[in-house]
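These are my notebook entries on a structure that is new to me. I record what I looked up, entry by entry.

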Amino acid sequence: MEPAPRRHGRRIRIWSGAVTAALALGVTAVGPASAADVNNARNAGFESGLSDWTCSANSGTTVSSPVRTGAAALKATPAAQDSAQCSQTVKVQPDSTYDLSAWVQGGYAYLGVTGTGTTDVSTWTPDSSSWKQLRTSFRTGPSTTSVTVYTHGWYGQSAYYVDDVAVQGPDGGNGGGNGPSVPGAPAGLNVSGTTSSSVTLAWNAVSGATGYTVYRDGAKVTSVTGTSTTVSGLAADTSYSFQVAATNAAGESPKSAAVSGRTAPKDNGGGNNGTLPKHALTGYWQNFDNGATVQRLSDVSAQYDIIAVSFADATPTPGAVTFNLDTAGLRGYTVDQFKADIRAKQTAGKKVIISVGGEKGTVSVNTAASATNFANSVHALMQEYGFDGVDIDLENGLNPTYMTQALRALSAKAGPSMILTMAPQTIDMQSTSGGYFQTALNVKDILTVVNMQYYNSGSMLGCDGKVYSQGTVDFLTALACIQLEGGLDASQVGLGLPASTRAAGGGYVAPSVVNNALDCLTKGTNCGSFKPSKTYPDLRGAMTWSTNWDATAGDAWSNSVGAHVHALP
C-alpha cells in the first residue's frame, strides 16, 4: 500500500483513624448532592500527576492504565512499614455536610478524612479486580475550614489504584469549587443505525461531562468521549436495551432512559460476515492527499463492498494504535461527517474497516503485552467510529505468534461478525512457513479475505514452481494458486491490484486482465499459459489501491472489475 504521510503475624498499626471503619466494613449512607454543591478536591482525577497530593515514602505515582476516566490514575504501592498513604488538604465550609468518594482497584484500599472538627470517618475495601466506588460522608465543625482527605493501602500488600476522588459539598472558598460536579443524566438517547451485528447510538451532550459510559442490558460495554458510538459483536435479529451515563472527575451520572435497538436479520448469502456478498470488491480509502482525488467516504463508488480506511496511526504504547482524521488534508472533512458516512455505507450493506500498516507503518506486535494493546486499541476504534473490523497491512514483517494472539483477542471482543482482512506482499505468501501465511492459517476460522498485493513485486514463483513476472494474467493466477492450495479457502482469497499506473511503482494491469484472472480461477476460462488443475468458484474477489486513484481515473477500475466480481457464479 502507499503510505499516509506521517506528521504526519504483623503488628497492627493505627493509621489516620481508618482501622475503626475497616473493622466495621461499613459505608455511611449518603444522599444526592444539592444542585449548588461542587467537588472541592483538586486534581481529583490525577490528570496533573501528583499535583496537590502528598504520598508517604515516595509510594505514589500516576499511571495511564488502569484508569477509570481520563488519561491517568494514582498507583500507590505499600511497603513492609508503609501503607502508601496519599493525602490532600481540602478547603471546606464550617457546619456543612460533604460526600466523600473515590474509585479504587487493586489491593486493599482505604478512603478517609481527618480534621473534620466532628467525627472523622473512613471506609475501605479488600482486593478488587475492577473499579469499585468507596463512599462515605462527614460534617464539619463550627470552625472547620479545611480537612485532610487521604487514601492508603495496607502494609506489604499489593499496590492499589485510585481515580475520580470527590469531596462533594458547599464550595470551600475557591470561586465555585476546585473540581466539577457530577453531571446530569444524558437525554435524547436514540438508535441511529443498525446492521446484523451492530447498533449505532447517539445522544445529547451533557454540560460538564468529559466522557460517557454505554450500557447494554445493564452491563457496561464501552466508554467514549463523543456523543455517539457503535456497539458491535451483537447477534443478528435480536433486541437489546441500551442506556448511557455521563462522567467526569466527580463521578458518573444516573443512567439515561433506556432505548431498545434490534439488529437486522442476517443475510445468509454473506458467508460468516453478515451482509458481505459471496464475491466482494475491496478498496482502500486514503485519509490523506497525495495527488489522487480527495474523497469523503460518501464519495466512494458503490461497487466497493469493503472499504479499508488507510491508515491507523502508531502510538508510543507498543502495539497500540489510534486514528486521526486528516481534516485539513481532506478539505474540512469533520469527524462527525466521517462517522455519519460510515453509518450510511453500512446502511447500504457495505463494510468499513480500519487498516493498520502501510508502507511506512510502524506498528509492532511482538510481545504478549503489545498484542493486548493492539486488540484493546483496535476494539476501541471500532467502538468509537463504528468500524466493522480491521485490515492487517504490515509491510515490514510481523510475528505470527503475537499477531495471532492479538487478532484472537480482538475477535473475542468484537464478536463473530468482525471483518478481518490482510494485504501481504507477494514475498510474504510464497510459502506457508512465512509469518504472514502462518498468521492467516492460524486465524483461518475468523479470517474474511487475504488480498495479496500483486504489484511492486517483480518476478515470483507460482504454485507450479515456475517463475512468473508481474503484470500478466499468469502472475495473478499462478501465485493465487499457492494460497488456494496452501490451506486457505477460496472464499478467503482475493486479487489485489493498483487502480491505475499512478497508484503503484509497477504491476499495473488493465481491468480486463484482472477479469481474465478471475475467470481463470473460478471457471477455468480466459487463462494464460498457466491453468490451475481445478477451479475455485468461491473465490472472494478483488481489491485495489486505492478508491482515490480509481476516482482519479473516473472509477474505471471499479466499474469494470466490480461489475465482473459481482457477476461471478
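Entry on a strand pair. I looked up how strand 7 (residues 109-114) and strand 8 are joined, and I found antiparallel pairing over five bridges. I then followed one residue across: valine 113 has valine 121 in strand 8 as its bridge partner. The model I am reading is a predicted one.

Entry on the sheet. Which order do the five strands of the open sheet take? I noted the order 2-5-10-7-8, with antiparallel pairing. I next looked for the edges and found strand 2 (54-55) and strand 8 (121-125) there, each of them pairing on one side only. For background I wrote down that strands of a sheet pair through backbone hydrogen bonds, either parallel or antiparallel.

Entry on cis peptide bonds. I checked the bond between serine 65 and proline 66 and recorded it as cis, with omega at about 0°. Proline 66 lies in the loop that runs between strand 3 (60-63) and strand 4 (73-76). I also recorded a cis peptide bond between tryptophan 545 and serine 546, where omega is again about 0°. I located serine 546 in the loop between strand 31 (541-545) and helix 8 (547-552).

Entry on positive phi. I looked up alanine 84 and found a positive phi of about 60°, although this residue is not a glycine. I placed alanine 84 in the loop between strand 4 and strand 5 (86-91). Is alanine 84 buried or exposed? I entered it as buried, because its relative accessibility is 0% and the cut-off for buried is under 20%. Aspartate 217 is not a glycine either, and I noted its positive phi of about 50°. I found aspartate 217 in the loop between strand 14 (211-216) and strand 15 (219-224).

Entry on serine 558. Where does serine 558 sit? I located it in helix 9, which covers residues 556-566. I entered serine 558 as buried, because its relative accessibility is 0%. I then listed what serine 558 touches, leaving out residues up to four places away in sequence: Leu281, Ser301, Gln303, Tyr304, Asp550 and Ala563.

Methods. Residues are numbered from 1 along each chain as its sequence is written. This is a predicted model: local features need pLDDT of at least 70, side-chain atom pairs count only at pLDDT 80 or more; totals for chains, interfaces and linings use all residues. Side-chain values use heavy atoms; hydrogens and water are left out. Helices (H or I, at least four residues) and strands (E, at least two) are DSSP runs, numbered from the N terminus. Buried means under 20% relative accessible area, exposed over 50%, partly exposed in between (1.4 Å probe, protein chains only). Contact means heavy atoms within 4.5 Å. Two strands pair if DSSP finds at least two bridges between them.
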